[in-house]
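Let's walk through this fold piece by piece, starting with the sheet and working out to the helices, the core and a few individual residues.

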Amino acid sequence: SVDYAMNIVCINCHSGMAQGACSALDSMSFAEIVGTVAGDDTIFVLCYSEDVAVKIKKKLDALLGL
């Protein structure tokens, strides 16, 4: 799932998959993303603004077919 709060996008993955998914996201080189942090099943994506977070969420939703 993908959601956002303020300028942070939160991506929830299957257990153990966040680091691989985060690496794939980082390789996409979104200019709008400041950085990412991955745990076991959650990724935090730091964006420059809330407007950017909304755009990133929509892009990720489209990629994931949500």
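Two strands count as paired here if DSSP finds at least two bridges between them. By that rule β1 and β2 qualify: four bridges join β1 to strand β2 (residues 8–12), and the two run antiparallel. If you want one bridge to look at, take Val2, whose partner in β2 is Ile11. Keep in mind throughout that this is a predicted model.

Now zoom out to the whole sheet. Four strands make up an open sheet, and reading across it you get β1-β2-β4-β3, with antiparallel pairing. The edges belong to β1 (2–5) and β3 (33–38); each has a single partner strand, so one side of each has no neighbour in the sheet. From one strand to the next, the twist averages 20 degrees.

Next come the helices. Helix α1 (residues 18–27) packs on the sheet, where it touches β2, β3 and β4 (42–47), and its direction makes about 165 degrees with that of β3. Helix α2 (residues 50–64) lies across β1, β2, β3 and β4 and runs at about 175 degrees to β1.

Which residues of α1 are buried? They are Ala18, Cys22 and Leu25. Looking down the axis of α1, you'd find these buried residues within an arc of 60 degrees, so they line one face of the helix. Their cover includes β2, β3, β4 and α2. Turn to the face of α1 pointing away from that buried side and you meet the exposed residues Gln19, Gly20 and Ser27.

That brings us to the core. In soluble globular proteins, nonpolar side chains tend to be buried together. In this model the largest nonpolar core has 15 residues, and the ones touching the most other members are Val9, Ile11, Val45, Cys47, Ile56 and Leu60. At least two residues of this core come from each of β2, α1, β4 and α2. The biggest contributor is α2, which gives four residues.

Val45 is a good place to see how the pieces meet. Leaving out residues up to four places away in sequence, Val45 touches Asn7, Ile8, Val9, Ile11, Leu25, Ile33, Gly35 and Thr36. Leu25 in that list is one of the buried residues of α1, and Val9 and Ile11 are among the core members with the most contacts.

Move along to Leu46, which is also in strand β4. Leu46 has a relative accessible area of 38%, so it is classed as partly exposed. Outside its neighbours within four places in sequence, Leu46 is in contact with Asn7, Ile8, Ile33, Val34 and Gly35. For a sense of distance, the C-alpha atoms of Leu46 and Ala18 are separated by 15 Å, with their positions 28 residues apart along the chain.

Thr36 sits in strand β3. What does its side chain do? A polar contact of 2.7 Å joins the side chains of Thr36 and Asp26. Setting aside residues up to four places away in sequence, Thr36 touches Cys22, Leu25, Asp26, Phe44 and Val45.

Over in helix α2 you'll find Asp61. Is Asp61 buried or exposed? At a relative accessible area of 14%, Asp61 falls under the 20% cut-off, so it counts as buried. The side chain of Asp61 makes a polar contact of 2.5 Å with the side chain of Lys57. Not counting residues up to four places away in sequence, Asp61 also touches Val2 and Leu66.

Finally, check the backbone in two loops. Met6 lies in the loop between β1 and β2. Although Met6 is not a glycine, it has a positive phi of about 55 degrees. With 59% relative accessibility, Met6 counts as exposed. Ser29, in the loop between α1 and β3, is another non-glycine residue with a positive phi, near 50 degrees. At 57% relative accessibility, Ser29 counts as exposed.

Methods: Residues are numbered from 1 along each chain as its sequence is written. This is a predicted model: local features need pLDDT of at least 70, side-chain atom pairs count only at pLDDT 80 or more; totals for chains, interfaces and linings use all residues. Side-chain values use heavy atoms; hydrogens and water are left out. Axes are lines fitted to C-alpha atoms, for helices over the stretch in contact, and angles run from 0 to 180 degrees between N-to-C directions. Contact means heavy atoms within 4.5 Å. A nonpolar core is a set of buried Ala, Val, Leu, Ile, Met, Phe, Trp, Tyr and Cys residues joined through side-chain atoms within 4.5 Å. Buried means under 20% relative accessible area, exposed over 50%, partly exposed in between (1.4 Å probe, protein chains only). A polar contact is a pair of N or O atoms within 3.5 Å; within protein, one must be able to donate a hydrogen and the other to accept it, and residues adjacent in sequence count only if both atoms are side-chain atoms. The arc is that of the directions from the helix axis to the C-beta atoms.
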